[in-house]
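Me: Please take me through this structure step by step. I will ask short questions as we go.

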Amino acid sequence: MEHRDHQHPRPVQAANHGKHAEPAAERAGHEVHHGGHQSHAGHGGHADHAAQFRDLFWVSCALALPVVFFSEMVANLLGYAVPGFPGASWISPVLGTVLFFYGGRPFLIGGWSELQARQPGMMLLISMAITVAFLASWATTMGIGGFDLDFWWELALLIVIMLLGHWLEMRALGAASGALDALAALLPDTADRVSGDRIEVVPVAELAKSDVVLVRTGGRVPADGTVVDGRAEVDESMITGESRTVSRGQGDSIVAGTVATDSALRVRVTAVGEDTALAGIQRLVADAQSSSSRAQALADRAAAFLFYFAAAAAVTTFTVWTVLGEMDDAVTRAVTVLVIACPHALGLAIPLVIAISTERAARAGVLVKNRIALERMRSVDIVLFDKTGTLTQGQHVVTGAVTVNGVTDTELLNLAAAVEADSEHPVARAIVHAANGSARHARDFRSLPGRGVQAVVDGERVAVGGPGLLQELGADVPAVLASRTRGWAERGASVLHVIKGHEVIGAIALEDAPREESRQAVDALHADGLNVAMITGDAHQVAAAVAADLGIDEVFAQVLPQHKDAKVNELQKRGHRVAMVGDGVNDAPALARADVGIAIGAGTDVAIESAGVVLASDDPRAVLSVIELSKASYRKMWQNLVWATGYNVVAIPLAAGVLAFAGVVLSPAMAAVLMSASTIVVALNAQLLRRLDLDPARLAGSNPIGDHAATS
C-alpha cells in the first residue's frame, strides 16, 4: 500500500542528568551563601534541613519566651512589672547564652564558613549581629564599662526570627521535591506478576524488564511499560497535570503510578527503579533546584555588598559617636546597624520564589531543568514549533471522503474499514477508527506490498490503495473524483482510492491533522505579541497547509533533523530570542541551540538533556504556562530583591543615627521589629505565587498572559 510515510512518535531517550548538575564547587559556594546551608551540608535534602530548623526554632522559641518576658524594656513597653524573686535577673543572661550557642549555632558556623571562604554574605552578617548583641549584653550584665546595653531580648528575638525564616525557607525549597516524593509514594508496594497461568504477588522492587504484570481496575501501574492486553481509561494527572483520563490499549506506553480507572490491563515492564518516568521527574526537579540563576547570583552579590556596607556603616557609626563623646550611643548604634543589616529578607527573596514557582510548575506538568532557561522565557519573541507530534497529532487521521455513483461517505468508510480491519498499518487503523466500529465483515484478506490491500466484502472484491494499485487493476478514476481529490494531494494529504470490483467508487484523504490545542496556542501567543514559526521535514505544500490552518507566521520545510539547529541560528542572527518546542529526540540540536529549549509530550521521556524545560503533557498550550511562570516568578524575584536591598540601604543610615539631630533615632528594639517586618513582607509576597493558575486551557482563553493577582 502506498501510504505516505508520515513521522511517528520517537522512542524514549535514556535518562542521564549528571551533565546538568551544578558543579560541586559552585554548589558548595551556593550553600555557603544561602542561609548557612553549608553548616548542614551532607545531612540530606531540604526536607531534612527543614526538620532541623523546625526543631531548633521550637526549642529556641521556648527558651526565648522567658528571656523576653523578663526584659525591663519589654515590660515597660507592654506595661507590666517584671517579677522580682531572687535570681530573676539571671534568667535572661543564662537562657540568652544557651540561645546564642544552641539556636545561633547554624549562623555562627555559616558565618565562619563564609569568612574562611572569603565570601562574606548573609550568615556572616547574622553571626556578627548576634555576637555583638551577646557580648554587649554580658558586658552590661557584669557591669563592665558602665554600658546600658541589655540586648538579651533582641538577641533572643533575632535568633528565633532567623530560625523561623530558615525553617520556612527550607520547607519551601523542599516543596517541589516533597510533592514529587509524595507522588512516588503512591506507587504500590506490590505487583501482580503474571507467570504462565499463575498470578503471583511480588514486591515492586523484584520486577524486571519484560515481566508482565496485571493492573486491576482502580489499581496503580507498578512500573513503566507497554500494554499487551486490555484497554482502559488511565488517570495520568500525576505526570501530566491534566485531569482528563486517556485511553490506553494494546501497544500503548503507560507510566508507573498512573491509575487504570475502569478496566484491567496487562502490561509488559519496560523500565523499573531509577529508569522510570517518576524517577526522571524527581531528578529534573533536583537539577532545577541546584542549577544556578542570574537572579540568585545577583542576590549573592547584593548580600556581599550589604556585608561591606553594614560593616563600614557600623565602624563609621562607632567612630563618629565616640569622637562626639557618646560612647553608649556609639556602641548602641553600631549594634543597631548590625542588627538591622541582617539580610534575612534578602536571603528569602530569591529561594522562596524559585521554590514556590518550581513546585507550582511541577504540579502543572511543567518541569524546569534550568532556572536560566525559565528566566529567559519571559524575553522570548518567537516560538519555533516542530510540526509532527507537536502541532499535529503525529498520526494519520481521516480528514475527508468523496464518493461517486450514489455511494454515501458512511458506506465508503465501512467498506474501506472492512478491508483494512486485518492490517496493522497506521493508515489502516486510522480508517477503521473513522468507521467508528461499524465496518462490515470481510474475508480473504490480502496485503499488496507497496500498493494496498484487498478483501472480499459481501461477496465482492474490494481494494484500497494508491496510484500503484489503480495501475495494477487498470481502474480509471472518474473525472469528478479526480478534480475533488486534486486539492488533497496539493496540500500533502495521502489519497487512497476504494475500488469495488473494477470500479473506483470513492477516495479517502488521510493527514497528520493539526491539534485544536495548537490553534489555541498560536492564537494566544499572537495575542501576547509573539511570533510563531514552524519547522518540519515534510514537503513545502504539507507545511504550508498546516501553517495556513493554524495561522503560523513563518515556515521552514524539508529540513533534515541535523539541520534544524541551523534554522534556529538563522532566527537568532536576525535578532530574535528563540524558544524551540520539540520532542527532544531528533530535535535535540535545535533545542540546545535555542535560547530556551522546551521538550513537549515527554510524559515518559523526562530525561531529555537538550531542553531547559520539559512539558509532561503533549499539549502545545503548555508553552503558555512556561511564559506565565517565567514572567510571574521573575517579577516576584525583583520585587523581593528591590524591597530587601532597598530596606537595608535606607534603614542602616537611620540606625547609624544620621537623623539623630532631628530627633529621629532607631532603637535596637525597633530595628529588630523592622527587620522582622521586612522578612514577613518578602515571604508573603513570594507566597502570592501560589495563586498562579498555570492551566493551559485558561491561558489560551481570553485572559492575557501575566494578568493575574499573583504577578502584582
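Reply: Helices (H or I, at least four residues) and strands (E, at least two) are DSSP runs, numbered from the N terminus. This is a predicted model, in which local features need pLDDT of at least 70, side-chain atom pairs count only at pLDDT 80 or more, and totals for chains, interfaces and linings use all residues. Residues are numbered from 1 along each chain as its sequence is written, and side-chain values use heavy atoms, with hydrogens and water left out.

Me: Which residue with a positive phi follows α20?
Reply: Helix α20 covers residues 516-527. The residue with positive phi that follows α20, near 85 degrees, is Gly 529.

Me: How far does α20 reach from its first C-alpha to its last?
Reply: The expected span of a helix is 1.5 Å times one less than its number of residues. With 12 residues, α20 is expected to span 16 Å, and its reach is close to that, at 17 Å.

Me: Within what arc do the buried residues of α20 fall?
Reply: Buried means under 20% relative accessible area, with exposed over 50% and partly exposed in between (1.4 Å probe, protein chains only). In α20 the buried residues are Ser 518, Ala 521, Val 522, Ala 524 and Leu 525. The arc is taken from the directions from the helix axis to the C-beta atoms. These buried residues line one face of α20 because, seen down its axis, they fall within an arc of 165 degrees.

Me: Which helix gives the largest share of the largest nonpolar core?
Reply: A nonpolar core is a set of buried Ala, Val, Leu, Ile, Met, Phe, Trp, Tyr and Cys residues joined through side-chain atoms within 4.5 Å. The largest has 53 residues, and those with the most contacts inside it are Met 377, Val 383, Leu 615 and Val 623. Its largest share, 10 residues, comes from α24.

Me: Which residue of α20 does Val 383 touch?
Reply: Contact means heavy atoms within 4.5 Å. Not counting residues up to four places away in sequence, the residues that Val 383 touches include Val 532, Val 623 and Leu 525. The one among these that is listed as buried in α20 is Leu 525.

Me: Which strands stand at the edges of the open sheet of 6 strands?
Reply: Two strands pair if DSSP finds at least two bridges between them. The order is β2-β1-β3-β9-β4-β7, with antiparallel pairing. The edge strands each have a single partner, so one side of each is left without a neighbour in the sheet; they are β2 (198-203) and β7 (253-254).
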